[in-house]
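Me: I'm new to this structure and would love a close look at just one part of it. Could you walk me through it in a friendly way?

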Amino acid sequence: ELRVPLPPLVLGRTYLLPSVGYETRWMGADVPAVGDDAVDRQFHRIQLGLTLIRPVAPRWLVVTGVMASTRTDFNSSFDLALDTSWVAFAMVNHQFEDTPGLGVTFGVVVLWPFDMLPVIPMLSLTYNRGPYVLEVGLPRLTLLRKLGDTVELGLVGALDMQVLRTRFDPELRALNASYLRETQVRVGPTVNVHLGRDLWLSSSVGLSLINDYALLDRERESLNVRGLDMGPALYGRVVLGWRPQRPQAKAKSPRPAP
């Protein structure tokens, strides 16, 4: 997975942050009724995003944005309407004055198209002070220990749900299968390494506690095909991304600010 932020656009107190991303992933599931590796595929995703950040009061930020993702396995003919999904979000972040480094973020995420819920609530509590980074919330859990300025070690857990369109084998096409829905709850140790400037490499190998698949028709209705719940399985993940350095805090003035 490659995450690349583009140069920001500053409009007064409003920051516009465009971004582009690429991801390739392999996934497989055995369906005894129709043959081995019936849903064995490698998927590719290209993502474009735009995020707006604006402070509205001391220690309060409003964060909104939209992301468009196209997914394909390069085996099916590409259809912009069927293979592109949209995510919009609106969040508020508050940093507590009495506890430096402690903040809370809450908001909603809107998905289109969707197969279950169009609107998902989001809530997370973060603590970033000294050598520790803690994030507890939905859909992510992070606990990291900084080793100097170049290495972070810890544990990461996440809930991941997505719908992928692909070309299935004839046995599954006969069932009108057009999409594969993947639901994962994964947890594993993570190592983040600073490669230089703002470039970071994150590697994680762990266990998918829930590793469930479902076949959907063209209208994204479940086909109720049994045998796709894979149970716990190993996973591996590598992310190369850019993480801008935080600006250094200015020294406090001995005089009260006007």
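How do the residues of the lining of the largest cavity divide into nonpolar, polar and charged?

Reply: Happy to take you there! Please keep in mind that this is a predicted model. The lining divides into two nonpolar, two polar and four charged residues.

Let's start with the cavity itself. Searching the whole structure turns up one cavity of 30 Å³ or more, and the volume of this largest cavity is about 30 Å³. Around it you will find Glu 23, Arg 25, Phe 43, His 44, Arg 45, Arg 71, Gln 162 and Leu 164. Three elements each give two or more residues to this lining: strand 3, strand 4 (41–57) and strand 11 (151–165). Strand 4 gives the most, with three residues.

Now pick out one lining residue, Glu 23, and follow it. Glu 23 sits in strand 3, which covers residues 14–27. Is this residue buried or exposed? Its relative accessibility is 13%, and because buried means under 20%, Glu 23 counts as buried. The side chain of Glu 23 is joined to that of Arg 45 by a polar contact of 2.7 Å, and Arg 45 is itself part of the cavity lining. Leaving aside residues up to four places away in sequence, Glu 23 touches Glu 1, Phe 43, His 44 and Arg 45. Among these neighbours, Phe 43 and His 44 also line the cavity.

Phe 43 leads us on to another feature. Together with Leu 164, another lining residue, Phe 43 belongs to the largest nonpolar core. That core has ten residues, the others being Met 27, Phe 168, Leu 172, Ala 177, Leu 180, Tyr 213, Leu 215 and Leu 228. Apart from this core lies another one, of five residues, including Phe 89, Met 91, Val 109 and Met 122. Why might such groups form? In soluble globular proteins, nonpolar side chains tend to be buried together.

So what should you look for on screen? Find Glu 23 in strand 3, then go across its polar contact to Arg 45. From Glu 23 you can also step to Phe 43, which Glu 23 touches, and from Phe 43 into the ten-residue core. Both Glu 23 and Phe 43 are in the lining of the largest cavity, which makes that cavity a handy landmark for finding your way.

Note on methods:
Residues numbered from 1 in each chain as written. Predicted model: local features only at pLDDT ≥ 70, side-chain atom pairs only at ≥ 80, totals over all residues. Heavy atoms only, no water. Core = buried A, V, L, I, M, F, W, Y, C linked by side-chain atoms within 4.5 Å. Buried < 20%, exposed > 50% of the residue type's maximum accessible area, 1.4 Å probe, protein only. Helix = DSSP H or I, 4+ residues; strand = E, 2+ residues; numbered from the N terminus. Polar contact = N/O pair within 3.5 Å; in protein donor to acceptor, adjacent residues only side chain to side chain. Contact = heavy atoms within 4.5 Å. 1 Å grid on protein atoms, 1.4 Å probe; cavity = no way out; pocket = protein on both sides within 12 Å on 5 of 7 lines; lining within 4 Å. Points joined across faces, edges and corners; volume = space filled by probe spheres on them. Nonpolar A, V, L, I, M, F, W, Y, C, P; charged D, E, K, R; others polar.
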